[in-house]
Amino acid sequence: MSLPVEDDRIAGMVLWAPQYIPQSQSAIWNGQNHELPLQHQPQLTLWHELGHLEVKRLQGNVLPAELSELDHEWLADTYLAWRCAKEWNSLELVWQQYHRRNLAVISDIGNLSHWSPLYLIQVLRRYDQKKIAGFADFTTFVLDFYPVISSYSQDEVAEFSSLLQHLFSRNRRQALPGYMFWRREQLGRVLQPTLEQLLGTESANFLLFKECMLQ
């Protein structure tokens, strides 16, 4: 966790216990367990927590003074993306973080406040590694992407939550293709990269088509 402080010299403190960070993320649907091994997760977690301090620093200036918990989480993950692009010359582990967040919310809707893929997909579709690495600092990166990101209200996020629970609940008894039909394609675009990673393109597209989440 990160603790911002009011000080001219430091942004805050990060309390970090890498030995307790999970080595994998899993979710169960259709009676099968799908597991994603996590590489370099302690470093990614540290960058994410540092991202929280950066977001806090930019609030009321570059970013709005009021941000939701979900806003803090996805913006902290964009800081993680910027660090990966700059220091590791790759977005591979950014996608790992993306898949981890999707699996977490599929497994437990209580993780909705950390569901950064809802926004992170827009950043990852807009920029490649070289473009992200080209920003000299995180502030410049935020100034470029934040004004063009499509945002969602609390009510809209609640609709995604209801649809996720309907689709992936272990107690699901019947398919209702018309349920939240106006959110299905949007949700499909967010989940597609993760489903393709775990199931392969053909099986992922079959599932998305079956659930009316693929055009």
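Let us begin with the aromatic pairs: in this predicted model, the count comes to 18. One of them joins Trp29 and Phe168 in an edge-to-face arrangement, with 5.8 Å from centre to centre and 70° between the planes. Where do these two residues lie? Trp29 belongs to strand S3, residues 24-29, and Phe168 to helix H7, residues 154-168, so the pair ties together parts that are 139 residues apart in sequence. Trp29 and Phe168 are both buried.

Please compare this with the rings of Tyr79 and Trp82. Their centres are 5.8 Å apart and their planes stand at 40°; the pair is therefore tilted, since that class takes angles that are neither under 30 degrees nor over 60. Here both partners lie in one helix, H2, which covers residues 69-87. Tyr79 and Trp82 are three residues apart, about one turn of the helix. Both Tyr79 and Trp82 are buried.

I turn now to helix H6, residues 138-145. Which of its residues are buried? They are Phe138, Thr139, Phe141, Val142 and Phe145. These residues cover an arc of only 160° around the axis, and therefore they sit on the same side of H6. What do they pack against? The buried residues of H6 pack against four helices: H1 (41-58), H2, H4 (117-126) and H5 (129-133). Helix H2 is also the helix that holds Tyr79 and Trp82. At the start of H6, Asp137 places a side-chain oxygen within 3.3 Å of the backbone nitrogen of Thr139.

The next residue is Gln96, in helix H3, residues 92-107. Is Gln96 buried or exposed? Its relative accessible area is 8%, and because buried means under 20%, Gln96 counts as buried. The side chain of Gln96 reaches the backbone oxygen of Gln39 at a distance of 2.8 Å. If we leave aside neighbours within four places in sequence, Gln96 is in contact with Leu36, Pro37, Leu38, Gln39, Gln41 and Leu44. Gln39 therefore appears twice in this account of Gln96, as the partner reached at 2.8 Å and as a member of the contact list.

Finally, the cysteines. How many disulfides does a search of the whole structure find? The search finds zero. Two cysteines may be set side by side. Cys84 has a relative accessibility of 1% and so counts as buried. Cys212, with a relative accessible area of 36%, is partly exposed, because this value falls between the limits of 20% and 50%.

Definitions and conventions: Residues are numbered from 1 along each chain as its sequence is written. This is a predicted model: local features need pLDDT of at least 70, side-chain atom pairs count only at pLDDT 80 or more; totals for chains, interfaces and linings use all residues. Side-chain values use heavy atoms; hydrogens and water are left out. Buried means under 20% relative accessible area, exposed over 50%, partly exposed in between (1.4 Å probe, protein chains only). A polar contact is a pair of N or O atoms within 3.5 Å; within protein, one must be able to donate a hydrogen and the other to accept it, and residues adjacent in sequence count only if both atoms are side-chain atoms. Contact means heavy atoms within 4.5 Å. Rings of Phe, Tyr and Trp (its six-membered ring) pair if their centres lie within 6.5 Å; planes under 30 degrees apart count as stacked, over 60 as edge-to-face and the rest as tilted. The arc is that of the directions from the helix axis to the C-beta atoms. A disulfide is a pair of cysteine sulfur atoms within 2.5 Å.
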